[in-house]
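This briefing goes with the sequence and structure shown below. Please read it alongside them.

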Amino acid sequence: MDFTASNEQEMLRDSARRFFADREGDRHASAWGSYADLGWLALVAPEDAGGIGGDIEDILILAEEMGRALAHEPYAGSAIVAMRLIDRTADGDARRELLAAMADGSIRVAPALYEPGRRYALSPSMRATGDGGGFRLSGAKILVSGGGDADRLLLSATLDDGTIGLFLVDPAATGTTVSRYATIDDGAVADVAFDAFIIGSESLLGRIDIEAIDDALDDARLALCADALGGLERAIAMTSDYLSTRSQFGQPLASFQALQHSLVEIFIDTDSIRSSLYQAVAAVHDGDGVARRRAISSCWVKTFGAAKRIAGTAVHLHGGIGMTTEYQVGHYLRRMMVSERSFGDVEHHLARYMALST
């Protein structure tokens, strides 16, 4: 992001850009350990658990560089959503020890919140029925980002008294079925089914309400908007370079007025996304819960309402090469398509914005 950044934030941006530049030819190799070594997993963790307790600006600076580099690690889910939910729900030594282990990379937790046939509903149909001294889980979670590689899943389930509990479970335990697959942007996700899965009472971290879950998702939503912004700006830069070097009829494509207009239009649209992101950050700092949620949904609608068009235009301006899987610009379009559906699509956030405005 281009706001007036502190020296520490400039260092974060520079170190992230250098890190991803060094890994450009090896994007698919696991980098979670490196994220821990660089302190990125501790960025969201609270200070009393050995974390940095970074501001939202720190998170967005890092997310923007991840989007620019097409990083594949599930940072938004495991390092933001899971961290926020555990910090809010667990307590005592168990909370501090778990957060510290997540911050140093020794345990990887993937949030499992969405269920089949329920779109973006956060009220779980999965049941956690009391069974002796523990619980019996029945149901399924889908599209768990990083779920195939996670050491633990953080899942929501409805308890016997109708409240929502957050559970920490081992995906490799007997009684779970994990189906791993890749999304169209090469992200690794998993569907997880539980068939009368018995867990001890210690697996219940605590109770939480839907509003608190949604609040935890909001930081990740802003991170994905920043991720999209970084990716779109990189796609536009690639397109500008391509039009400047590719010739047709004896002159560079960049000299054709129609192509210039297309490039300017997507540049303006992307700059508008940055403005919307700044407004959302200001709302986060303002502290008003309703205004913050409205600003974040507005930013999501602005970002992903335009992202596919911007990235699609970048692909179009590259001609045939833009459609090939070997060429990078098309991967930004696929990333936009997946990100837009990660924590509520444009229609979901437009409805959320309208509901919060009444």
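**Overall picture**

In the chain, residues 24 or more positions apart account for 72% of the contacts with a separation of 6 or more. The model is predicted. The chain holds 10 helices and 10 strands. Its radius of gyration is 21 Å, close to the 21 Å that the globule rule gives for 358 residues, so the chain is as compact as a globular protein of that length.

- The C-alpha trace of the chain spans about 80 × 45 × 40 Å along its principal axes.
- Of the 358 residues, 51% count as buried.
- About 15,600 Å² of the chain is exposed, and carbon and sulfur atoms supply 50% of that area.

**Helix H3 and the residue after it**

- Helix H3 covers residues 56-69. H3 has 14 residues and reaches 20 Å from its first C-alpha to its last, close to the 20 Å expected at 1.5 Å a residue.
- In H3, 13 of the 14 residues are buried, so the helix is largely enclosed by the rest of the structure.
- Arg-68 and Glu-64, both in H3, are four residues apart, about one turn of the helix. Their side chains meet in a salt bridge, with an N to O distance of 3.3 Å. Both Arg-68 and Glu-64 are buried.
- Leu-70 comes just after H3 and is found in the loop between H3 and helix H4 (75-89). The phi of Leu-70 is near 55 degrees, a positive value in a residue other than glycine.
- With a relative accessible area of 3%, Leu-70 is buried, because buried means under 20%.

**Salt bridges**

- Side chains of opposite charge can pair when their charged atoms come close. The count for this model comes to 28 salt bridges.
- One of them joins Arg-13 to Glu-10, with the closest N and O atoms 3.3 Å apart. Both residues lie in helix H1 (residues 7-22), three residues apart, about one turn of the helix.
- An α-helix has 3.6 residues a turn, so residues three or four places apart point the same way.
- The Arg-13 and Glu-10 partners can be set side by side: Arg-13 is buried at a relative accessible area of 10%, whereas Glu-10 counts as partly exposed at 30%.
- Which residue forms a salt bridge with Asp-218 at 3.1 Å between the closest N and O atoms? The partner is Arg-292. Arg-292 lies in helix H8 (residues 289-317) and Asp-218 in helix H6 (residues 210-245), so the pair ties together parts that are 74 residues apart in sequence.
- Arg-292 and Asp-218 are both buried. Salt bridges that share partners join Glu-211, Asp-214, Asp-215, Asp-218, Arg-221, Arg-292, Arg-293 and Arg-352 into one network.

**Ala-223 in helix H6**

- Ala-223 has its place in helix H6. Is Ala-223 buried or exposed? Ala-223 is buried, with a relative accessible area of 4%.
- Leaving aside neighbours within four places in sequence, Ala-223 is in contact with Ile-59, Leu-60, Ala-63 and Ile-80.
- Ala-223 and Ala-295 are 72 residues apart in sequence and 14 Å apart in space, C-alpha to C-alpha.

**Helix H7 and a surface patch**

- Helix H7 covers residues 257-286. H7 has 30 residues and reaches 44 Å from its first C-alpha to its last, close to the 44 Å expected at 1.5 Å a residue.
- The buried residues of H7 include Leu-263, Ile-266, Thr-270, Ile-273 and Arg-274. Also buried in H7 are Ser-276, Leu-277, Ala-280, Val-281 and Ala-283.
- Against which helices do the buried residues of H7 pack? They pack against H3, H6 and H8.
- Val-264, Phe-267 and Ile-268 form a nonpolar patch on the surface, with about 300 Å² of accessible area together. Of these, Ile-268 is found in H7.
- Gly-287 follows H7 and has a positive phi, near 90 degrees.

**Leu-143 in strand E3**

- Leu-143 lies in strand E3 (residues 134-145). Although Leu-143 is not a glycine, its phi is positive, about 50 degrees.
- Leu-143 is partly exposed, with a relative accessible area of 48%.

Note on methods:
Residues numbered from 1 in each chain as written. Predicted model: local features only at pLDDT ≥ 70, side-chain atom pairs only at ≥ 80, totals over all residues. Heavy atoms only, no water. Salt bridge = Lys/Arg side-chain N within 4 Å of Asp/Glu carboxyl O. Helix = DSSP H or I, 4+ residues; strand = E, 2+ residues; numbered from the N terminus. Buried < 20%, exposed > 50% of the residue type's maximum accessible area, 1.4 Å probe, protein only. Expected span 1.5 Å × (residues − 1). Contact = heavy atoms within 4.5 Å. Patch = residues over 30% accessible without salt bridge, like charges linked within 9 Å, V, L, I, M, F, W, Y side chains within 5 Å. Areas by Shrake-Rupley, 256 points an atom, 1.4 Å probe, with all protein chains shown as cover. Rg over C-alpha atoms; globule rule 2.2 N^0.38 Å.
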